[in-house]
Amino acid sequence: MVTLNRIYTRTGDAGTTRLASGAPVSKADLRVEAYGSVDETNAVIGLARLSTQDDATLDPILARIQNELFDLGADLATPAGAREAERPALRILESQVARLEAEIDQLNEPMAALTSFVLPGGSPAAAALHVARTVCRRAERACVALAGREIVSATGLKYLNRLSDLLFVAARHANDQGRADVLWTPGATR
């Protein structure tokens with residue numbers, strides 16, 4: 001359990017922070033960028049939930065995902081280390097990825113196949129979910145950049161990839177099961 005008695009500590013005033021391991025790093029470090037982008041994804045999903053709170057199918061999924069994104073942040077803030085055998089770090093599990101896949105299939109099943117790319121928009125909920133999807137893709141890119149330099153959970157990377165897919169399908173779900181999607185018309189403005 002986490003206990004926060006003080007909100008400001010002044011320890012980051014010089015541009016550094018500490019990872020979950022206690023190691024000091026620059027706030028510009030790729031690892032901090034990765035878990036910061038995951039945090040931003042979480043915040044945008046929270047904003048989208050203002051428009052999904054009456055959706056008995058979608059809102060509970062998004063609520064659980066918000067909690068899982070904190071788990072992913074903890075995963076990313078904890079570099080792999082030798083002491084992990086004695087004190088296992090919180091890591092994203094394959095079962096969490098499989099649950100996202102099942103939910104993608106569940107949300108996508110009643111919708112007609114796409115005939116074009118979907119433009120972000122439609123209902124307020126769909127527009128917000130498309131923003132969440134693009135922020136999630138940025139978080140994924142930050143994690144891939146980090147993985148090019150350090151060990152990153154492959155399952156965490158898969159989770160972000162599936163999450164962006166889920167957010168796309170969720171946006172279509174919020175657009176009257178895709179019936180209110182705004183479709184791209186190639187060359188329409190020429």
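Which helix is His130 found in? His130 sits in helix α4, and a close-up of it appears below, along with other views of this predicted model.

**View 1. The largest nonpolar core and its best-connected residues.** This core has 42 residues, and Ile65, Tyr159 and Leu163 are the ones with the most contacts inside it. Five helices each chip in at least two residues: α1 (30-48), α2 (58-76), α3 (94-108), α4 (124-147) and α5 (154-174). The largest share belongs to α4, with 10 residues. As a bit of background, nonpolar side chains in soluble globular proteins tend to be buried together.

**View 2. Zooming in on Ile65 and the residues it touches.** Setting aside residues up to four places away in sequence, Ile65 touches Ile45, Leu100, Tyr159, Leu163 and Leu166. Two of these partners, Tyr159 and Leu163, are listed with Ile65 as having the most contacts inside the core.

**View 3. Helix α4 against helix α5.** Here the two axes come within 8 Å and cross at roughly 170°. That angle is over 145°, so α4 and α5 count as roughly antiparallel to each other. Sorted by class, the residues in the contact of α4 with α5 are 17 nonpolar, 3 polar and 4 charged.

**View 4. His130 tucked into its surroundings.** With a relative accessibility of 1%, His130 counts as buried. Leave out its neighbours within four places in sequence, and His130 is in contact with Val118, Leu119, Pro120, Gly121, Phe168 and Ala171.

**View 5. The aromatic pair of Phe117 and Trp184.** Searching the whole structure turns up just 1 aromatic pair. The ring centres of Phe117 and Trp184 are 5.7 Å apart and the planes stand at 50°, so this pair is tilted. It links distant parts of the chain, 67 residues apart: Phe117 is in the loop between α3 and β3 (118-119), while Trp184 is in the segment after β4 (182-183). As for accessibility, Phe117 counts as exposed at 61%, whereas Trp184, at 39%, is partly exposed.

**View 6. Gln66 on helix α2.** Gln66 has a relative accessible area of 18%, which is under the 20% cut-off, so it counts as buried. Its C-alpha atom is separated by 8.3 Å from that of Ala43, a residue 23 places away along the chain. Not counting neighbours within four places in sequence, Gln66 is in contact with Asn42, Ile45, Gly46 and Arg49. One of these, Ile45, is also touched by Ile65.

Conventions:
Residues numbered from 1 in each chain as written. Predicted model: local features only at pLDDT ≥ 70, side-chain atom pairs only at ≥ 80, totals over all residues. Heavy atoms only, no water. Core = buried A, V, L, I, M, F, W, Y, C linked by side-chain atoms within 4.5 Å. Buried < 20%, exposed > 50% of the residue type's maximum accessible area, 1.4 Å probe, protein only. Helix = DSSP H or I, 4+ residues; strand = E, 2+ residues; numbered from the N terminus. Contact = heavy atoms within 4.5 Å. Axes fitted to C-alpha atoms, helices over the stretch in contact; angles between N-to-C directions. Parallel < 35°, antiparallel > 145°, perpendicular 65-115°, else oblique. Nonpolar A, V, L, I, M, F, W, Y, C, P; charged D, E, K, R; others polar. Phe/Tyr/Trp six-rings, centres within 6.5 Å; stacked < 30°, edge-to-face > 60°.
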